[in-house]
Amino acid sequence: MALFNKKRKLSISGRRISRYLTYAVGEIILVVIGILIALYLNNERQKYVESKELELILDKVVYDMEKDLKNADLIIDTTKASRDLISKILFEETFKDSLRDCFDCRYLITETIPVSLNRRGYNLLSNYNKDIKKQSKKIDSVMS
């Protein structure tokens, strides 16, 4: 350390000032280049983290949609008997039973199947306000 201090004092004094200024400018340039490299690496890492976060959200949306489709299929399958009975009551002339005597008819009024859609993934995606959301091909496939 003392050796560098001596050289710097010598270069400042007298005719070596131009060498010292060249050295100082070179050192400043190296520091600026180092800072720019660090900023670039940090930005790339941030983009990677954001894209991974978006991928997780999109996977959740796809999972919710698949689960909702399975629930919808289940509801359709369980209401098939009711639909058939309603069609029989409304459209078949051969249906002679009155509604009071029809054993299965009493369940038509009371049968309810609650439908609840999974919205967690959608809410996460709609609250995700990043520019990377505009660049994702997977978002286009989920939203279409």
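1. Salt bridges. This predicted model holds two salt bridges. One joins lysine 47 to glutamate 44, with their closest N and O atoms 3.9 Å apart. The other links the side chains of lysine 60 and aspartate 64, at 3.5 Å from N to O.

2. The pair formed by lysine 47 and glutamate 44. These two residues are three positions apart in helix H2, so about one helical turn separates them. Lysine 47 is partly exposed, its relative accessible area being 48%. Glutamate 44 is likewise classed as partly exposed, at 34%. The distance of 3.9 Å between the closest N and O atoms of this pair may be read against the cut-off of 4 Å used for a salt bridge.

3. The pair formed by lysine 60 and aspartate 64. Both residues belong to helix H2, where four positions, or about one turn of the helix, lie between them. Is aspartate 64 buried or exposed? Aspartate 64 has a relative accessible area of 2%, and it therefore counts as buried, the limit being under 20%.

4. Surroundings of aspartate 64. Neighbours within four places in sequence are set aside here. Beyond them, aspartate 64 is in contact with Asn118, Arg119, Arg120 and Gly121. Asn118 also enters a second comparison, with glutamate 66: the two are 52 residues apart in sequence, while their C-alpha atoms are 9.8 Å apart in space. Glutamate 66 is itself a residue of helix H2 and is partly exposed, with a relative accessible area of 47%.

5. Helix H2. This helix covers residues 17–78. It comprises 62 residues and extends 91 Å from its first C-alpha to its last, which is close to the 92 Å expected at 1.5 Å a residue. The buried residues of H2 are Glu50, Leu54, Ile57, Leu58, Val61, Asp64 and Asp68.

6. The nonpolar core. Which residues make up the largest nonpolar core? Six residues form it: Leu54, Ile57, Leu58, Val61, Leu125 and Tyr128. Helix H2 contributes the most to this core, with four residues. In soluble globular proteins, nonpolar side chains tend to be buried together.

7. A nonpolar patch on the surface. Nonpolar side chains are also found on the surface, where Val25, Ile29, Ile33, Ile37, Tyr40 and Leu41 form a patch. Together these residues have about 590 Å² of accessible area. Tyrosine 40, one of the patch residues, lies in helix H2.

8. Overall architecture. How many helices and strands does the protein have? There are six helices and zero strands, and the order of elements from the N terminus is α-α-α-α-α-α. Among contacts in the protein with a separation of 6 or more, 67% are between residues 24 or more positions apart.

9. Burial and surface. Of the 144 residues in the protein, 15% count as buried. The accessible surface amounts to about 12,400 Å², and carbon and sulfur atoms account for 60% of that area.

10. Points to retain. Helix H2 holds both residues of the salt bridge between lysine 60 and aspartate 64, as well as both residues of the pair lysine 47 and glutamate 44. H2 also supplies four residues to the largest nonpolar core. A reader may wish to begin at aspartate 64, a buried residue placed in helix H2, and then turn to its contacts with Asn118, Arg119, Arg120 and Gly121.

Note on methods: Residues numbered from 1 in each chain as written. Predicted model: local features only at pLDDT ≥ 70, side-chain atom pairs only at ≥ 80, totals over all residues. Heavy atoms only, no water. Patch = residues over 30% accessible without salt bridge, like charges linked within 9 Å, V, L, I, M, F, W, Y side chains within 5 Å. Areas by Shrake-Rupley, 256 points an atom, 1.4 Å probe, with all protein chains shown as cover. Buried < 20%, exposed > 50% of the residue type's maximum accessible area, 1.4 Å probe, protein only. Contact = heavy atoms within 4.5 Å. Core = buried A, V, L, I, M, F, W, Y, C linked by side-chain atoms within 4.5 Å. Expected span 1.5 Å × (residues − 1).
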